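Q: Can we go through the ring contacts and one helix packing in this one? Show me the structure first.

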Amino acid sequence: MALQASPPSVFRAVPTFANASCRRQFQVQASAAAANGGGDGKMMWKEPGSDSWKIDYSGEKPATPLLDTVNYPKHMKNLSTPELEQLAAELRAEIVHTVAKTGGHLSSSLGVVELAVALHHVFDTPEDKIIWDVGHQAYPHKILTGRRSRMHTIRQTSGLAGFPKRDESAHDAFGAGHSSTSISAALGMAVARDLLGNKNHVISVIGDGAITAGQAYEAMNNSGFLDSNLIIVLNDNKQVSLPTATLDGPAKPVGALSKTLTKLQSSTKLRRLREAAKTITKQIGGQTHEVAAKVDEYARGMVSASGSTLFEELGLYYIGPVDGHNVEDLVAIFEKVKSMPAPGPVLIHIVTEKGKGYPPAEAAADRMHGVVKFDPTTGKQFKPKSSTLSYTQYFAEALIREAEADDKVVGIHAAMGGGTGLNYFQKRFPERCFDVGIAEQHAVTFAAGLATEGLKPFCAIYSSFLQRGYDQVVHDVDLQRLPVRFAMDRAGLVGADGPTHCGAFDVTYMACLPNMVVMAPSDEAELMHMVATAAAIDDRPSCFRFPRGNGIGAVLPPNHKGTPLEIGKGRVLVGGNRVALLGYGTMVQACMKAAVALKEHGIFVTVADARFCKPLDTQLIRELAAEHEILVTVEEGSIGGFGSHVSHYLGLTGLLDGPLKLRSMFLPDRYIDHGAPVDQLEEAGLTPRHIAATVLSLLGRPLEALQLS
Amino acid sequence: MSSVCARPVGMGYMAGGARSQQRRRAARVRVPAAAVAMAPTARAETMYELLGVEETAEPEVIKAAYRRAARRWHPDACPGGAERFMRAREAYEVLSDPERRRGYDIQLRCGAGGGAQAARRAGFADWEAQLAGLQWRAAAHGRHGETWGSRMRHATAQAQP
């Protein structure tokens with residue numbers, strides 16, 4: 001597609017919007033040639049008589065003449081308000097067409113297009129710091145800060161990250177992936193600025209869902225106390241929970257905090273009271289501003305009883321709610337706050353619509369939050385057909401069966417109904433499924449409380465998100481030996497989301513706890529059995545981990561109800577001699593493939609599935625050690641996990657004093673970048689080829705190891 | 001009054017606020033009929049009038065009224081009706097959302113006329129007044145040095161002659 005930047009004179013010759021009779025002649029022209037081709041060439045036009053742009057999504061990506069001139073924020077400084085609005089429309093089209101080809105997070109980015117344009121017009125990154133909470137809405141920010149040409153590589157191997165990343169660009173002030181960290185980081189940057197005597201501005205953008213997490217309050221409380229200059233933009237799209245939370249769309253707001261936000265949006269009467277108070281002080285006249293400020297404070301104190309000044313009680317000055325899609329208003333507010341010398345911490349509450357400007361996203365129940373490749377005209381996603389379901393769905397199915405058999409089974413998740421599969425559980429048992437909001441620490445202790453009264457709580461939290469609630473796991477659950485069951489989804493490498501979402505550490509941090517039962521299924525049938533096993537373990541906490549991805553097609557138990565396994569007992573899948581591969585979790589599948597590859601080299605290995613990391617199947621390990629020369633343990637976890645436990649056991653029992661060769665294969669001691677799952681496994685060295693190569697090397701046949709395909 | 005207007009930073013701001021305050025005050029105090037007749041349109045129609053419903057209308061009634069208006073004024077059906085269509089759409093968006101409807105009702109009752117409409121969209125806040133309040137607070141609290149931030153700002157200001 002030939003992108004010809006228009007010469008400045010052509011652009012300036014375009015008539016202004018105020019003249020309604022010119023509306024038919026108004027055209028966005030990249031060049032004369034482009035305007036003549038394709039009918040009357042209009043892909044993007046300004047709706048006559050109103051302020052909004054209409055974008056035609058059918059057909060090819062529209063020409064984006066203004067966006068073509070913007071590579072960095074400094075190119076936006078001289079744009080007027082109509083030009084900024086046009087830029088926002090072009091950005092929207094760019095995002096829709098890019099994500100249509102790559103997949104990623106769509107609607108959250110669309111909701112903050114105007115905000116991103118306003119922020120970059122007013123502030124000067126990288127000196128000014130803009131911190132995006134969670135970061136999946138940062139696509140417009142990336143496009144405006146020099147990465148437009150690489151957007152087609154987003155979330156792919158060696159491409160742009162799907163979240164802000166400090167290594168990627170100086171304009172990304174702080175890396176993100178988990179939620180609610182932005183205000184804390186922003187406060188740190190603001191305080192550092194003050195200590196160093198700098199003059200830059202610090203802005204954090206946080207959503208209404210992320211602000212329900214405790215860390216956001218810890219940060220706001222501290223900001224109010226320190227009173228450092230800081231701007232917090234609260235991006236409120238009234239979702240609170242992800243729109244994928246239930247099968248019917250977004251969950252109703254999960255807590256009292258959202259009621260506060262709702263009240264804030266409508267308490268015009270209360271604000272009028274304060275404004276009236278200001279008028280009165282002006283009329284008193286001849287007075288200093290201290291009086292005016294005091295009156296304002298009293299007026300605010302008067303209205304605090306109604307709960308609309310939660311933020312002000314924390315010490316933040318509240319402005320809003322403001323229309324988050326009105327560039328003019330946003331620019332005016334940011335300019336004003338920027339020009340004030342000592343505003344302290346300011347919270348600007350903007351109201352946006354998730355997926356704004358792209359009709360299929362606005363209409364969808366899940367708002368097209370996370371999408372795979374789709375067709376821009378219709379919004380229909382090209383979901384690959386698979387013969388098996390995802391592990392998440394098998395887990396949800398198994399849990400529902402357990403709950404049907406036992407009415408003490410309850411499910412808890414932290415604002416991830418869609419991601420953990422508990423939206424199906426919620427549909428089936430609405431009173432037994434608890435969405436606590438983005439509050440993993442609370443979820444764990446809440447589950448502990450449920451367990452003390454005899455219920456059987458299943459905490460479904462992603463492996464990397466459970467890190468946030470780790471002290472609660474240790475102190476509230478394990479120390480008191482309470483039977484809470486943890487279902488850790490997204491264990492191991494997760495592909496496009498990258499290291500922020502990678503569940504590398506859960507084997508390590510769970511298996512070191514004295515009372516925890518730690519298990520991992522090798523396929524979806526084993527997963528169903530482990531759900532049943534966990535339901536049956538009633539005297540101590542237990543956990544099991546399963547990866548992102550689809551099942552392998554194992555034969556499922558009848559009616560999808562698993563049977564409890566014998567605790568601390570693994571199984572041997574394939575018998576062989578000389579070499580034993582002891583896999584943990586879905587790595588067993590890779591071991592099986594390695595065994596097939598090694599058969600062609602005349603080597604017949606034993607493949608065993610350990611099933612349990614704690615308690616270890618010591619009898620199995622002793623037998624494997626006794627009957628084989630070489631023992632290789634394989635897991636998709638960090639150091640300190642399954643392999644460590646096996647090696648400690650062998651060491652303690654003296655089995656390492658003999659002829660046994662022990663090797664452990666686990667994730668390397670570095671963070672694996674985002675990319676396709678096969679590429680990540682390749683980089684981690686945990687593919688079947690790597691396992692087979694390890695065996696061949698140990699057998700003294702390194703040349704064949706190198707020649708493996 | 002001069003001392004209020006003396007602050008250079010807020011000058012244009014306060015003046016603008018004072019003017020719009022006056023306009024609002026004038027509206028509340030029975031403006032003589034002659035002044036009203038001079039205005040180009042008698043009074044901007046409310047969103048309820050636009051859709052042709054009562055102020056106490058049920059959500060279903062509002063939805064039906066919007067559907068009627070949409071069919072009537074959609075640009076495909078009625079060339080040139082785009083503006084009325086957009087206004088009907090905006091009216092429906094505000095009136096169908098209970099929180100925004102409440103805010104809009106309060107605005108109507110408090111007499112927010114055409115003058116204030118420019119600064120505020122239906123259901124949203126008057127951020128200009130809020131920003132003014134922020135300036136006042138900053139000016140009033142600036143010198144005390146009770147908070148870490150104010151002490152640091154003071155120190156930075158001192159360090160730069």
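A: What follows covers aromatic pairs, charges over a ring, and a helix contact, all in a predicted model.

Q: How many aromatic pairs does the structure hold over all chains?
A: There are 13 over all chains. One of them joins A:Phe311 and A:Tyr318, with 6.0 Å centre to centre and 0° between the planes, a stacked pair.

Q: Are those two, A:Phe311 and A:Tyr318, buried or exposed?
A: Both A:Phe311 and A:Tyr318 are buried.

Q: And why is the pair of A:Tyr462 and A:Phe465 stacked?
A: The ring centres of A:Tyr462 and A:Phe465 are 5.2 Å apart and the planes lie at 15°, so the pair counts as stacked; the cut-off for stacked is under 30 degrees. A:Tyr462 and A:Phe465 are both buried.

Q: Which residues do ring pairs link into a cluster?
A: A:Tyr57, A:Tyr358 and A:Phe374.

Q: What lies over the face of A:Phe429?
A: A:Arg428 does, at 4.7 Å from the ring centre, and A:Arg432 does too, at 4.5 Å.

Q: Switching to helices. At what angle do the axes of α4 and α7 of chain A cross?
A: Roughly 110°, with the axes of α4 (residues 81–102) and α7 (residues 139–147) coming within 10 Å. The two helices are therefore roughly perpendicular to each other.

Q: Which residues meet there?
A: From α4(A), A:Leu87, A:Leu91, A:Glu94, A:Ile95 and A:Val99; from α7(A), A:Tyr139, A:Pro140, A:Ile143 and A:Leu144.

Q: What is the make-up of that contact by class?
A: The contact of α4(A) with α7(A) has 8 nonpolar residues, 1 charged and no polar.

Definitions and conventions:
Residues numbered from 1 in each chain as written. Chains lettered and ligands numbered in written order. Predicted model: local features only at pLDDT ≥ 70, side-chain atom pairs only at ≥ 80, totals over all residues. Heavy atoms only, no water. Phe/Tyr/Trp six-rings, centres within 6.5 Å; stacked < 30°, edge-to-face > 60°. Buried < 20%, exposed > 50% of the residue type's maximum accessible area, 1.4 Å probe, protein only. Lys NZ or Arg CZ within 6 Å of the ring centre and 35° of its normal. Axes fitted to C-alpha atoms, helices over the stretch in contact; angles between N-to-C directions. Helix = DSSP H or I, 4+ residues; strand = E, 2+ residues; numbered from the N terminus. Parallel < 35°, antiparallel > 145°, perpendicular 65-115°, else oblique. Contact = heavy atoms within 4.5 Å. Nonpolar A, V, L, I, M, F, W, Y, C, P; charged D, E, K, R; others polar.
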